[in-house]
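Colleague: I am new to this model and would like the terms explained as we go. Please set each value against its cut-off.

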Amino acid sequence: MQQCLVIRNPKSGKVVSADFCSKIKKALKFHKYNSDILETDHPGHAKELIETSKDLDLIIVSGGDGTLNEAIQGAVVNSNARIAYIPTGTTNDVGRMHGYFGDVEDMIHQIMSGAFQNVDICDINGTPFIYVAGVGKFLDIAYDISSLEKQKHGYSAYFKKGLAEVAKKPTNYNIVYTVDGKKYDARCSILLVSNSTSIAGLPIYKGNNVVLDDGAFEVLIVDLKNRVDTLNKGISAIFKDITKSSGVIQFQTDNFGVKFLDAPDKNFCVDGEKLPYISDTYEFTTRGTVKMLLPQSSKRLFRQ
């Protein structure tokens, strides 16, 4: 029997059934894994557990995008860690991108019928992330909503705050950004650096052939002129292709620096969590890969 550690965040957005853990153990036993389940009890706990783990064939992380981020941070330190993911957060962008569906037993079976893939790890000022780092309009909603609100109201908690944000006048920042040693001026209301096909439940990169193992990330700089423009670009993000809208800059790179000439009044959101400081300068790079056991449905996200 192979050895598996399951790290579960009990405070992630989705309320699970009382037999959630027993279902995990049953499904893993079917696939010839002995398993232990540990619950996190403080921020950074998943990272700590993975950093110190030994003699494991697989580590499964159950939680939201923020819990997965902790796992990735742990895997940066412990390069032997092999990670799988059961999405039980509120929006579960990463899980949806990977093609998960059904209950926890279904997801275990999907994982076990898949294959290990090398997934790029991105970096903002020394902090790893695997999904998205962003700042500006709407981006603080993810970390401002409490765990209790997420469990009680689910995705509607985000939707309600998002609607209220649409009615507010957008804040614009003058920035200078650097790519491949060249500097550019721009104005932005939203800045997103991501390795994902969708962000905040919106299919941002429709048909843009985003892959997760090309050693690069996508950058989206959005200038919102007013409330009407905010609404129009939101509609475009849902139904059209926002990357082709006026006032939007989009490109792919493996190195990106940005200096805010107007000090930002919000923290970056990194994989759904609040970056604990505000700066006028941020540097983005890629920093290797993490080996993840992913469902067959995720093959479209990789180069092979």
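Colleague: Which residues on the other side of α9 are called exposed?

Modeller: Val228 and Phe239 are exposed there. Exposed means over 50% relative accessible area, buried means under 20%, and partly exposed is in between, with a 1.4 Å probe and protein chains only. Before going further: this is a predicted model, in which local features need pLDDT of at least 70 and side-chain atom pairs count only at pLDDT 80 or more, while totals for chains, interfaces and linings use all residues. Residues are numbered from 1 along each chain as its sequence is written, and side-chain values use heavy atoms, with hydrogens and water left out.

Colleague: Which residues of α9 are buried?

Modeller: Asp229, Thr230, Lys233, Ser236 and Ala237 are buried in α9. They lie on the same side of the helix because their arc around the axis is only 125 degrees. The arc is taken from the directions that run from the helix axis to the C-beta atoms.

Colleague: How many residues does α9 have, and what span is expected for it?

Modeller: Helix α9 covers residues 227–239, which is 13 residues. A helix here is a DSSP run of H or I with at least four residues, a strand is a run of E with at least two, and both are numbered from the N terminus. The expected span is 1.5 Å times one less than the number of residues. For α9 that gives 18 Å, and the helix reaches 19 Å from its first C-alpha to its last, which is close.

Colleague: What makes Asn226 a cap of α9?

Modeller: A side-chain oxygen of Asn226 lies 3.1 Å from the backbone nitrogen of Val228, at the N-terminal end of α9. A polar contact is a pair of N or O atoms within 3.5 Å; within protein, one must be able to donate a hydrogen and the other to accept it, and residues adjacent in sequence count only if both atoms are side-chain atoms.

Colleague: Where is Lys137, and why is it called buried?

Modeller: Lys137 sits in the loop between β7 (132–136) and α6 (141–144). Its relative accessibility is 4%, so it counts as buried. A polar atom of the Lys137 side chain is 3.1 Å from the backbone oxygen of Lys168. Leaving out residues up to four places away in sequence, Lys137 also touches others, including Glu165, Leu224 and Thr230. Contact means heavy atoms within 4.5 Å.

Colleague: What is the order of the strands in the open sheet?

Modeller: The six strands run β12-β11-β10-β7-β14-β15, with antiparallel pairing. Two strands pair if DSSP finds at least two bridges between them. The edge strands are β12 (248–253) and β15 (273–274), since each pairs on one side only.

Colleague: How many bridges join β11 to β12, and how many join β10 to β11?

Modeller: Strand β11 (residues 217–222) is joined to β12 by six bridges, and β10 (residues 190–194) pairs with β11 over five. Val222 in β11 is the bridge partner of Ile190, and in β12 the partner of Val222 is Val248.

Colleague: Why is β11 described as largely enclosed by the rest of the structure?

Modeller: Six of the six residues of β11 are buried, so that description follows. Phe217, Val219 and Ile221 are buried on one side, and Glu218, Leu220 and Val222 on the other.

Colleague: How many disulfides does the rule give?

Modeller: The count is zero. A disulfide is a pair of cysteine sulfur atoms within 2.5 Å. The sulfur closest to that of Cys122 belongs to Cys269 and is 14 Å away, so the pair is too far apart for a bond. Cys122 is buried at 0% relative accessibility, and Cys269 is buried at 5%.

Colleague: Which is exposed and which is partly exposed, Lys32 or Asn125?

Modeller: Lys32 has a relative accessible area of 56%, so it is exposed. Asn125 has 32%, so it is partly exposed. Lys32 is in the loop between α1 and β2 (33–39), and Asn125 is in the loop between β5 (115–124) and β6 (127–129). Neither is a glycine, yet phi is positive: about 65 degrees for Lys32 and about 50 degrees for Asn125.
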